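Colleague: Could you walk me through this structure in plain words? I would like to see how each term is backed up.

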Amino acid sequence: MSSAIILVVEDEPLLRMAAIDLIESAGFEAVEAADATQAVEILQNRLDISIVFTDIDMPGGIDGLCLAAMIRDRWPPIHVIITSGHTKPPQGGLPSDVVFFSKPYREEEVIATMMRMAA
């Protein structure tokens with residue numbers, strides 16, 4: 001299986017646990033963050049994160065779109081997957097090379113995307 005490390009950024013504990021279970025069952029290692037601020041701290045201290053899997057709507061002033069833009073600016077090699085309860089990406093679009101999935105997402109599609117990103 002893949003050795004990619006995926007940072008899961010989700011403020012809802014049950015959704016975060018479900019995402020971690022999905023990621024680990026696919027053979028990836030998961031690291032978790034409850035919000036974007038915590039995610040940035042993790043990214044500053046860990047050089048082994050290859051994919052960030054984040055929700056858009058989060059508390060704390062930094063949403064998933066801002067987090068994705070920060071990752072593009074500061075850590076360009078890291079791939080980003082954004083999820084949202086909305087059916088379409090927000091108006092104004094996504095940062096470059098970001099993949100969007102609306103919730104509820106098809107788990108096999110998310111895993112297939114992660115596998116491609118990790119290759």
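Modeller: Happily! Helices (H or I, at least four residues) and strands (E, at least two) are DSSP runs, numbered from the N terminus, and the expected span of a helix is 1.5 Å times one less than its number of residues. This is a predicted model, where local features need pLDDT of at least 70, side-chain atom pairs count only at pLDDT 80 or more, and totals for chains, interfaces and linings use all residues. Residues are numbered from 1 along each chain as its sequence is written, and side-chain values use heavy atoms, leaving out hydrogens and water.

Colleague: How do you know that the length of helix α1 agrees with what it should span?

Modeller: Helix α1 (residues 13–25) has 13 residues and should span 18 Å; its end C-alpha atoms are 18 Å apart, so the two agree.

Colleague: Which residues of α1 are buried?

Modeller: Buried means under 20% relative accessible area, exposed over 50%, partly exposed in between (1.4 Å probe, protein chains only). R16, A19, I20, L22 and I23 meet the buried cut-off in α1.

Colleague: What puts them on the same side of α1?

Modeller: Their arc, taken from the directions from the helix axis to the C-beta atoms, is only 160° around the axis, so they lie on the same side of α1. On the other side of α1, L14, D21 and S25 are exposed.

Colleague: What do the buried residues of α1 pack against?

Modeller: They pack against β1, β2, β3 and α4 (107–118), with contact meaning heavy atoms within 4.5 Å. Just after α1, G27 has a positive phi of about 95°.
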